[in-house]
Amino acid sequence: MSAVEARLAELGLTLPEVVPPLAAYQPAVQSGVYVYTSGQLPMVEGKLPVTGKVGGEVTPEEAKDLARICALNALAAVKSVAGDLDRIARVVKVVGFVASAADFTGQPAVLNGASELLGEVLGDKGVHARSAVGVAVLPLDAPVEVEVQVELLPA
């Protein structure tokens, strides 16, 4: 077990299986020393635990928890390419999309769920740049989607 996966276990978390693509793309690709994940939905055992708009059918607190799941799914996607999460030198960038009710403006607080998870798991290596974007709708009516870019250490 890698040190990162041991840290996940300390937090009571398990790295999930990689979420299968919903269309014609890969969950993650490597280019040089970087791994880019596709947008990760908050899938748990192949299903979305909740659907709808944040600030409407989904509370901001629920959405923050869903963003944590997205980040965990992103780590699984990174591992599928890198082979070992201990190869992560740092998380470079996180981009999050929040399916938002028309008057909802709390996207950054929702995406803190993903950012905080990466910090808890990776420490200083989890500190990153980030964008939090409100959108009208996401695939499968998911409330949140997160993509991650990481830099790897040499194999």
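**Exercise 1.** In this predicted model, decide whether E120 is buried, partly exposed or exposed, then find its salt-bridge partner.

*Solution.* Start with the accessible area: E120 has a relative value of 32%. Partly exposed covers the range between 20% and 50%, so E120 is partly exposed. Next, look for the partner: the side chain of E120 meets that of R68 in a salt bridge, 3.2 Å from N to O. R68 lies in helix α2 and E120 in helix α3, so this pair ties together parts 52 residues apart in sequence. R68 is partly exposed too, at 23%.

**Exercise 2.** Work out what separates R7 and E10 along helix α1, and how exposed E10 is.

*Solution.* The two residues are three apart in helix α1, which means about one helical turn separates them. Their side chains form a salt bridge with an N to O distance of 3.0 Å. E10 is exposed, with a relative accessible area of 60%, while R7 is partly exposed at 29%.

**Exercise 3.** Find which helix or strand gives the most to the largest nonpolar core, and list what V150 touches.

*Solution.* Begin with the core itself, which has 38 residues. Its contributors of at least two residues each are α1, α2, β3, α3 and β5. Of these, α2 gives the most, with twelve residues. V150 is one of the residues touching the most other core members. Leaving aside residues up to four places away in sequence, V150 touches V33, Y34, V35, V78, I88, R90, V91 and V92. Finally, look beyond this core: another one, of seven residues, lies apart from it and includes L41, L48, A99 and A142.

Terms used:
Residues are numbered from 1 along each chain as its sequence is written. This is a predicted model: local features need pLDDT of at least 70, side-chain atom pairs count only at pLDDT 80 or more; totals for chains, interfaces and linings use all residues. Side-chain values use heavy atoms; hydrogens and water are left out. A nonpolar core is a set of buried Ala, Val, Leu, Ile, Met, Phe, Trp, Tyr and Cys residues joined through side-chain atoms within 4.5 Å. Buried means under 20% relative accessible area, exposed over 50%, partly exposed in between (1.4 Å probe, protein chains only). Helices (H or I, at least four residues) and strands (E, at least two) are DSSP runs, numbered from the N terminus. Contact means heavy atoms within 4.5 Å. A salt bridge is a side-chain nitrogen of Lys or Arg within 4 Å of a carboxyl oxygen of Asp or Glu.
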